[in-house]
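This report describes selected features of one protein model, with attention to charged pairs, backbone geometry and helix packing. The sequence and the structure are shown first.

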Amino acid sequence: MGLIQAVYTYALKLKSGTEYLAFGRPIIKQWVVRYASEKNRPDPKILDIGCGKGTDLENLRAALNDKADIYGVEMDEPCCAICREKGINAISLDIEREPLPYPDGFFDLILINQVLEHTKEIFFILSEISRTLKKGGLLIVGLPNLATWHDRLLLLLGQQPSGLKVLGPHIRGITLPGFRAFIECEGFFRLLEYRGSGFYPFPVRLSRPLAKRFPTLATSLFYKIERCEKQGTFIDVLKTRRFQTNYFMG
């Protein structure tokens, strides 16, 4: 085993037990509760895209005193069945090819946490979000941070960044500047705030203050986004640009 691999393996052991920080659940909870209060929507309609077994939705329902009307979309049907047992309106869907089966402007709030990095068809996904989210509604996106401090170090050493392994599940690497340029393109969305969570491989007692102080070096970044008043949907972005990629447009 080479020196770099030995250090990397040791770092993986150090981060064990801190992985949950990357999901940023306290950040999401705070933003949702504040939104519901400020907009006077004590029982908002909430959609979690890539809801898994419903952990985020359960947390939000509890934070809103069981008043939220919660929906989930998940490719894995067994996970959807678990969600339905928990009282979540969950359906199995391929978000890269199938439209969300909800009316225009149906949701007050949409959450997509640790999902977009697994997908190619981000224009189609954001188009469906822009369609089903109310004007003035809140979108919360959680993403691994390609510019996290340890991936900067790995790249400096000529190594593959841990958040974008070739032999791995992530097919996109996203940074704050890149995501801001993407999400605010053509004026469909506006980035209101961002925060960091997790700071591999430091323990929890250090990760939390470090992520708060240096969010752009944190393991994950969370984006609080407003759906603007602009008509149309995000897929229109592709109508004004010619990328050398065959993106799905519905």
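Is R190 buried, partly exposed or exposed? The model is a predicted one, and in it R190 has a relative accessibility of 42% and counts as partly exposed.

**Salt bridges**

R190 is the partner of E226 in a salt bridge, with the closest N and O atoms 2.9 Å apart. Because E226 belongs to strand 7 and R190 to strand 6, this pair ties together parts of the chain that are 36 residues apart in sequence. E226 itself is buried, as its relative accessible area is 19%, and burial is defined as under 20%. Strand 7 spans residues 220-227. E226 also has a contact of the backbone to report: its C-alpha atom and that of L138 are separated by 4.9 Å, although the two residues are 88 residues apart along the chain.

The structure holds 15 salt bridges in total. Three of them, including the pair just described, are listed below.

| Salt bridge | N to O distance | Separation in sequence |
|---|---|---|
| E226 and R190 | 2.9 Å | 36 residues |
| D104 and R131 | 2.9 Å | 27 residues |
| K134 and D108 | 2.8 Å | 26 residues |

The side chains of D104 and R131 meet in a salt bridge. This pair links distant parts of the chain, with D104 in the loop between strand 3 (89-92) and strand 4 (107-113) and R131 in helix 5 (residues 122-132). D104 counts as exposed, at 56% relative accessibility.

A salt bridge also joins K134 to D108. K134 lies in strand 5 (residues 133-144) and D108 in strand 4, so two strands are tied together by this pair. The accessibility of each partner can be stated as well: D108 is buried at 5%, whereas K134 is partly exposed at 28%. Both residues belong to a network of salt bridges that links R41, D108 and K134.

**Backbone geometry**

Two residues that are not glycines have a positive phi. N65 has a phi of about 60 degrees and is placed in the loop between helix 3 and strand 2 (69-74). N65 is exposed, since its relative accessibility is 59% and the exposed class begins over 50%. For E186 the phi is about 70 degrees. E186 is found in the loop between helix 7 and strand 6, and with a relative accessible area of 31% it is partly exposed.

A cis peptide bond leads from Y200 to P201, with omega near -5 degrees. P201 is part of the loop between strand 6 (189-197) and helix 8 (204-213).

**Helix packing**

Helix 2 (residues 25-38) and helix 3 (residues 55-63) have axes that come within 10 Å and cross at roughly 45 degrees. The two helices are therefore oblique to each other. The crossing of helix 2 past helix 3 is right-handed.

**Nonpolar surface**

L153, L156 and L157 make a nonpolar surface patch of about 320 Å². L157 is located in the loop between helix 6 (149-156) and helix 7 (176-183). With a relative accessibility of 46%, L157 counts as partly exposed.

Definitions and conventions
Residues are numbered from 1 along each chain as its sequence is written. This is a predicted model: local features need pLDDT of at least 70, side-chain atom pairs count only at pLDDT 80 or more; totals for chains, interfaces and linings use all residues. Side-chain values use heavy atoms; hydrogens and water are left out. Patches are made of residues with over 30% relative accessible area and no salt bridge: like charges are joined within 9 Å, nonpolar side chains (Val, Leu, Ile, Met, Phe, Trp, Tyr) within 5 Å. Accessible areas come from the Shrake-Rupley method with a 1.4 Å probe; for residues, only the protein chains shown count as cover. A salt bridge is a side-chain nitrogen of Lys or Arg within 4 Å of a carboxyl oxygen of Asp or Glu. Helices (H or I, at least four residues) and strands (E, at least two) are DSSP runs, numbered from the N terminus. Buried means under 20% relative accessible area, exposed over 50%, partly exposed in between (1.4 Å probe, protein chains only). Axes are lines fitted to C-alpha atoms, for helices over the stretch in contact, and angles run from 0 to 180 degrees between N-to-C directions. Angles under 35 degrees count as roughly parallel, over 145 as roughly antiparallel, 65 to 115 as roughly perpendicular and the rest as oblique. A crossing is left-handed if the near helix is turned anticlockwise from the far one by less than a right angle, and right-handed if clockwise.
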